[in-house]
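Colleague: I am new to this structure and should like to understand how its features are named. Please set each value against its definition.

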Amino acid sequence: MDSSGLGRLDEVQRDPYPLYAQAHNAQGLLHVPELDAWLVARDADVREVLRRAEDFSSAGSLRPDVLPSPAALAVLGGGFGGRPVVVGSDGEAHQRLRLPIVRGLSPARVAAVLPYAAERATALVREFAGGATEGEVAGDGRVELMAAYARRLPGEVVGRIFGLDPADVPAVVHGGHRAEELLFRPLAEDEQIAAAEDVVAHQHLLDRYARERAADPREDLCTEIVASVAQVPGDLTLEQRHEAVSHLQNLLIAGHLTTTALIGTTVLHLLRHPRQWELLCAEPERIPAAVEEAARYDGALQGFRRVTTRPVTLAGTELPTGASLFVAFGGANRDALRHPRPDAFDITRPPGRHLAFGHGPHACPGAQLAREQMRLTLSELTRRLPGLRLADTERPVEMRPTMIHRSPYRLDVAW
């Protein structure tokens, strides 16, 4: 893709909602050159694709938007990974790869980690809120919330579930962000090489964990993943190390980047609608509904790619074998046929079935964990900082331009 194409892609990713509206009103499917794909944006069509995994394959679901340079690819050759992962698999392979994740993120394990998550949420808010007392409305506090909180809590919580040493969590979070940048953002070659070096360092750290858990299993998700690869205790083969790192890297990135993004967009839209923030502070029992509305209105995960396995017809559009689709969860969540007044952010909206966490066999197994962290976050912020507001209403908030994890780059707030 040339520079003008990358510019158009950047524009689409920063605000995809006008494109979704165009797709809702189109006859059949809309082909989007910037995405190099047919856009599936109506709720009914998205659900149909997600149900029909045999016709719409997940292979290539994480296809990069930008191919790294040969020099960056050479750096990546010194790392681990590159093997099939759960989001890019179909059928029996998908079920096999998904099973240890479902076990590792069971309701019991999520419940077990919640006291730790609540403790860390409180501590992180206390770090930046300083002397703000519970219920304080006025003050001169200010913080960039993404760095101080949103990028920290999900990493610490998922690190706990995986069994990571807390000292390694910042490096794991950093490596996940760098992998996303390398594959989904246009970077100069020297920046690509630097990002690739960070990704490889991340992979070597995860390889150490994989080898340690193979030798000394524990009660954590890292052990579950390694056991699913090794099948029998003992040293891992080189191929098993590549497989284990692939799974660990993919799941850790999904586990913290998505929730980080959801925290950012949720707080952003609540503060852009001060009356709804005030209502939430006055009636905290609305927090679960606010989480669902925020996820529907501007989901962290905008969608995934799919590829047709045979000639099919979808929404009246005939698609050949090998056709590329972008299945837009974010578009489905703004479909007026499913959600009345879809472009209105309203935490009093009656509950409805949105697609922020996917649907069908690939529905997000970590959805409950993400929801619980959001509820803890809003409970802590509304209780301690009801006077929270956007620090600069004159300057627009810049969104991270990817369709995988949509979130603010920065979220400067004050109280």
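Modeller: Let us begin with accessibility: a residue is buried if its relative accessible area is under 20%, exposed if it is over 50%, and partly exposed in between, with a 1.4 Å probe and protein chains only. This is a predicted model, in which local features need pLDDT of at least 70 and side-chain atom pairs count only at pLDDT 80 or more, while totals for chains, interfaces and linings use all residues. Residues are numbered from 1 along each chain as its sequence is written, and side-chain values use heavy atoms, leaving out hydrogens and water.

Colleague: Why does Glu372 count as buried?

Modeller: Glu372 has a relative accessibility of 18%, which is under the 20% limit, and therefore it is called buried. Arg375, at 24%, falls in the range between the two limits and is partly exposed.

Colleague: What makes the meeting of Glu372 and Arg375 a salt bridge?

Modeller: The term requires a side-chain nitrogen of Lys or Arg within 4 Å of a carboxyl oxygen of Asp or Glu. For Glu372 and Arg375 the N to O distance is 3.5 Å, so the criterion is met. Both belong to helix α16 (residues 367-384), where three residues, or about one helical turn, separate them. Helices here are DSSP runs of H or I with at least four residues, and strands are runs of E with at least two, numbered from the N terminus. As a general point, an α-helix has 3.6 residues a turn, so residues three or four places apart point the same way.

Colleague: Which residues do salt bridges with shared partners join into one network?

Modeller: That network consists of Glu48, Arg52, Asp55 and Arg310. The structure holds 33 salt bridges.

Colleague: How do you know that Arg208 forms a salt bridge with Asp168?

Modeller: Their closest N and O atoms are 3.2 Å apart, and this value is within 4 Å, so the pair qualifies. The bridge links distant parts of the chain: Arg208 lies in helix α10 (residues 189-215), and Asp168, 40 residues away, lies in the loop between α8 (153-162) and α9 (169-184). Arg208 is partly exposed at 30%, whereas Asp168 is buried at 16%.

Colleague: How does the span of α9 compare with the one expected?

Modeller: The expected span is 1.5 Å times one less than the number of residues. For the 16 residues of α9 this gives 22 Å, and the distance from first to last C-alpha is 23 Å, close to that expectation. The buried residues of α9 include Val169, His177, Glu180 and Phe184.

Colleague: Why is the aromatic pair of Tyr17 and Tyr20 called edge-to-face?

Modeller: A search of the whole structure finds four aromatic pairs. The centres of Tyr17 and Tyr20 are 5.4 Å apart, with 85° between the planes. Rings of Phe, Tyr and Trp (its six-membered ring) pair if their centres lie within 6.5 Å, and planes under 30 degrees apart count as stacked, over 60 as edge-to-face and the rest as tilted. The angle of 85° is over 60, so the name edge-to-face applies. Tyr17 is buried at 11%, and Tyr20 is buried at 1%.

Colleague: What makes the pair of Phe128 and Trp415 tilted?

Modeller: Phe128 and Trp415 are 5.8 Å apart, centre to centre, and their planes make an angle of 55°. This angle is neither under 30 nor over 60, so the pair is tilted. Phe128 is in helix α6 (residues 107-129) and Trp415 is in the segment after β10 (412-414), so the pair ties together parts 287 residues apart in sequence.

Colleague: How do you know that the charged end of Arg334 sits over the ring of Tyr17?

Modeller: A charge sits over a ring if NZ of Lys or CZ of Arg is within 6 Å of the ring centre and within 35 degrees of the ring normal. Arg334 is placed 3.9 Å from the centre of the Tyr17 ring. Likewise, Arg160 lies over the face of Tyr116, at 4.2 Å from the ring centre.

Colleague: Why is His405 called buried?

Modeller: Its relative accessible area is 7%, under the limit of 20%, so His405 is buried. His405 is placed in the loop between β9 and β10. Beyond its neighbours within four places in sequence, His405 has contacts (heavy atoms within 4.5 Å) with residues including Glu180, Ile253 and Arg400.
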